[in-house]
Amino acid sequence: MFDRVLITSGPTVEPIDPVRYISNRSSGKTGFHIANEAKKRNISEIIFITGPTCYLPSEVRCIKVETAMEMRARVFENIENVSVVIMVAAVSDYKTPTYFPHKIKKNSEKMTLELEKNPDILLEIGIKKKDNQILVGFAAETENIFENGKRKLAEKNMDLLVLNEISKSNPGFNVDTNEVYFLTPGEIKKLPRMNKSDIAVNVWDKIFDIARDKKIYERQF
Ligand code: C5P
């Protein structure tokens, strides 16, 4: 049904100086399974844009990036005629405004690092979304998960938000299983704990349901 899909995956890495960086615990496993499941569904073109990870799907065009700014540039270079965008990447919310060209010395007891916000790629895509495009995001929350999830779904104009609560019993990052909720406009559905490969199957099933509901049929893009 879909000719061209774009998937982002992994963390982004924001350099501070030649040896240090800001990043997060994303392993890239979920994005990897989402891409592999797309292959099984005979989608002709899968564009996979990923931060540093060892989980790279085979036989898929992989575009490797480091920073959120690079991810943003590659996403907008490749988004033309894409029918489904799945933003699995854990994009770093903040970056340093200046890169220190030399290793910062530990000369004082305390130091303050200034950070500035990265652009929100999904928000930008959501603003420009066309009627025949499907936009999927992922979010990990530790508190007020449904309130935050519903706000993000609406703000970023998503068709589906895959939401998980990060807790001791469900760490989410760097493990093989996850317990997630599917948030769509007007509905919250809890999925039982399952392998990330099975979450990918459910995500694609849901995307195909959304396409049918939106009456997105063959090769409209
Ligand atoms: O707001 P939050 O970071 O929780 O939203 C998560 C979703 O937004 C993910 O799909 C992520 O890929 C995307 N995102 C983004 N650009 C950012 C931050 C998050 O595209 N700067």
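For a protein of 221 residues, a compact globule would be expected to have a radius of gyration near 17 Å, and the value of 18 Å found here agrees with that expectation. The model is a predicted one, and the description below moves from the whole chain to a single residue.

Taken along the principal axes, the C-alpha atoms of the protein fill a box of roughly 60 × 35 × 30 Å, and the secondary structure within the protein amounts to 5 helices and 14 strands. Among contacts between residues at least 6 apart in sequence, 62% join residues that are at least 24 apart. As for charge, the protein carries 34 positive and 31 negative charges, and the mean positions of these two sets lie 3 Å apart.

Burial and surface can be set side by side.

| Property of the protein | Value |
|---|---|
| Share of the 221 residues that count as buried | 47% |
| Exposed area | about 12000 Å² |
| Share of the exposed area supplied by carbon and sulfur atoms | 48% |

At the level of one residue, Asp-93 sits in the loop between strand 6 (84–87) and strand 7 (94–95). Asp-93 has a relative accessible area of 56%, and because the cut-off for exposed is over 50%, Asp-93 counts as exposed. When residues up to four places away in sequence are left aside, Asp-93 still touches Glu-116, Lys-117 and Asn-118. Lys-130, by contrast, is 37 residues from Asp-93 along the chain, and the C-alpha atoms of Asp-93 and Lys-130 are separated by 26 Å.

Technical notes. Residues numbered from 1 in each chain as written. Predicted model: local features only at pLDDT ≥ 70, side-chain atom pairs only at ≥ 80, totals over all residues. Heavy atoms only, no water. Helix = DSSP H or I, 4+ residues; strand = E, 2+ residues; numbered from the N terminus. Rg over C-alpha atoms; globule rule 2.2 N^0.38 Å. Buried < 20%, exposed > 50% of the residue type's maximum accessible area, 1.4 Å probe, protein only. Contact = heavy atoms within 4.5 Å. Areas by Shrake-Rupley, 256 points an atom, 1.4 Å probe, with all protein chains shown as cover. Lys, Arg positive; Asp, Glu negative; His and termini not counted. Charge placed at Lys NZ, Arg CZ, Asp CG, Glu CD.
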